[in-house]
Amino acid sequence: MEGSGDEYMKYRSPLVSRYASKEMAYNFSDRKKFTTWRKLWIYLAKAEKALGLPITDAQVSEMESHADDIDFVMAAEEERKLRHDVMAHVHTFAHCCPTAAPIIHLGATSCYVGDNTDLIMLRDGFDILLPKLARVIDRLANFAEKYADQPTLGFTHYQPAQLTTVGKRACLWLQDLVMDMRNLQRAREDLRFRGVKGTTGTQASFLQLFQGDHEKVEELDRKVTEMAGFKKSYLVTGQTYSRKVDVDSLCVLASLGASVHKICTDIRLLANLKEIEEPFEKEQIGSSAMPYKRNPMRAERCCSLARHLMALVSDPLQTASVQWLERTLDDSANRRISLPESFLTADIILSTLQNITEGLVVYPKVIERHIRHELPFMATENIIMAMVKAGGNRQDCHEKIRVLSQQAAAVVKQEGGDNDLLARVQADPYFTPILGQLDSVLDPKTFIGRAPEQVTRFLSEEVRTVLEPYKSKMDVKIELEL
């Protein structure tokens, strides 16, 4: 096909080709994976040399000088022959490091590079996500502060309920995201290194290398763990680190997906009411058939991808449950998909949500119209209280209001008219004693309770504090290409 490249002749994951950030796509790339393998072999050689094994400076220097120049074609050819990805890369590394060849991967098993690299990618993945989540929280916090005292209809069962404020509703979203921030931070801090544990986790091969010196084996584990940037390694493993670690990591991402789905669903519902809209570009097209439409496509994208993120957690749950004894290999192919896709998907929805929260548009006049339509019904208790204070009988007033409310509801529901309850109250002589108070009784700001104060305290005590570690990374803005 003229003009078409090879990349268009096979399936490409849209997570990378269409959506993901460059940094997260690189984090799970072959280049990152296999250069990390080489770094781990260098760490192992350095630590073994420092602890007395016959490894020379020249061998270490040779490995370091070839840490990044991977011959991927040779590695692929070796894997076709050997049917073993780790040994294919051992041979490829040895080819360009002939002096070091005898000591590459010395005493190690495949999971030394495989599992440790996965843990590094998980750690680095969290380090990419956390500042992005912080920026979303920051943008939403600014939004909540700006609209802290903007009255709006509350909804329960998606039916009009007592008033809240636009800012207070945003704080409900923020509360979930702050929980997600703490969950991601905990999951990241809980990650340990697999370290050097051998084929079934007993460190037998290393104990043999060091002629039964247990202290040197423990020191080897500590040195390699430290070089890889981890504070601790798992004290016990099978051949692999426990696949419960993957469950823990992906559970917090799935929980983040649930938060984002709820937030973006709310935005979509409010967009239908024309109270709030996500950003809409000057030349953006909402519908190919209906040119007037302004569809909430970013929020819809977040919901779509959040469902995928929530579904992915079932993979590590199933995998952890079927790892027999010290290890079975039926984890491998599944993890190649579920781990990267979870982080890539989380990365995409956070970038998209940041773009949304940086440009959320509020339409106060529309909100006020909706309030005016519903407020007379909500104000009936206040009207009764005002009449009682003016000397009226509570039960008589309740009956008057009940009858007038039913009449007004019939106008709204059966005739499609506006809510005329207030006009009916004003026309009824019974309510003459409080006619001068009706404006204040019906002021929307008297119906929002402590919402503004709650927003102020919540932002101060629970939101701004979690953003402190990410202050230097707050200025990044998101421009979506699609």
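## Overall form

A residue is called buried here when its relative accessible area is under 20%. By that cut-off, buried residues account for 49% of the 482 residues in this protein. The model is a predicted one.

The protein contains 20 helices and 4 strands. Along the principal axes, its C-alpha atoms occupy a box of roughly 105 × 60 × 40 Å. The radius of gyration is 31 Å, whereas a compact globule of 482 residues would have one near 23 Å. About 24,600 Å² of surface is accessible, and carbon and sulfur atoms contribute 52% of that surface. Of the contacts between residues at least 6 apart in sequence, 78% connect residues at least 24 apart.

## The hairpin of strands 1 and 2

Strand 1 (151-156) and strand 2 (159-165) run antiparallel and are joined by 5 bridges. Two of the pairings can be named. Thr 156 is opposite Gln 159 of strand 2, and Phe 155 has Pro 160 of strand 2 as its bridge partner.

The hairpin has 2 residues between its strands. His 157 in this hairpin adopts a positive phi near 60°.

## Helix 15

Helix 15 covers residues 364-378, a run of 15 residues. At 1.5 Å a residue the helix should span 21 Å, and because its end C-alpha atoms lie 19 Å apart, the model agrees with that expectation. The helix also has a kink of about 35° at Arg 372, shortly before the proline Pro 376.

Pro 376 is itself buried, as are Val 366, Ile 367, His 370, Ile 371 and Leu 375 of helix 15. The cover over these buried residues includes both strands of the hairpin, strand 1 and strand 2. It also includes helix 8 (166-190), strand 4 (361-362), helix 16 (380-389) and helix 18 (421-427).

## Buried positions in helix 14

Helix 14 takes in residues 332-358, and Asp 347 is one of them. Asp 347 has 0% relative accessibility and therefore counts as buried. Leaving aside neighbours within four places in sequence, its contacts are Ala 20, Ser 21, Met 24, Ile 128, Leu 129 and Lys 132. Glu 23 is 324 residues from Asp 347 in sequence, yet their C-alpha atoms are 9.6 Å apart in space.

Thr 345 is also in helix 14. Thr 345 is likewise buried, because its relative accessibility is 0%. With neighbours within four places again left aside, Thr 345 is in contact with Leu 15, Leu 305, His 308, Leu 309 and Leu 312.

## Met 24 in helix 2

The contact between Asp 347 and Met 24 leads to helix 2 (residues 22-27), where Met 24 is found. Met 24 has a relative accessible area of 0%, so this residue is buried.

Apart from neighbours within four places in sequence, Met 24 is in contact with Gly 125, Ile 128 and Leu 129, and with Phe 343, Leu 344 and Asp 347. Ile 128 and Leu 129 also appear among the contacts of Asp 347. By C-alpha atoms, Met 24 is 35 Å from Arg 457, and the two are 433 residues apart in sequence.

Terms used
Residues are numbered from 1 along each chain as its sequence is written. This is a predicted model: local features need pLDDT of at least 70, side-chain atom pairs count only at pLDDT 80 or more; totals for chains, interfaces and linings use all residues. Side-chain values use heavy atoms; hydrogens and water are left out. The expected span of a helix is 1.5 Å times one less than its number of residues. The bend at a residue is the angle between axes fitted to the seven residues ending there and the seven starting there. Buried means under 20% relative accessible area, exposed over 50%, partly exposed in between (1.4 Å probe, protein chains only). Contact means heavy atoms within 4.5 Å. The radius of gyration is taken over C-alpha atoms; the globule rule is 2.2 Å times the number of residues to the power 0.38. Accessible areas come from the Shrake-Rupley method with a 1.4 Å probe; for residues, only the protein chains shown count as cover. Two strands pair if DSSP finds at least two bridges between them.
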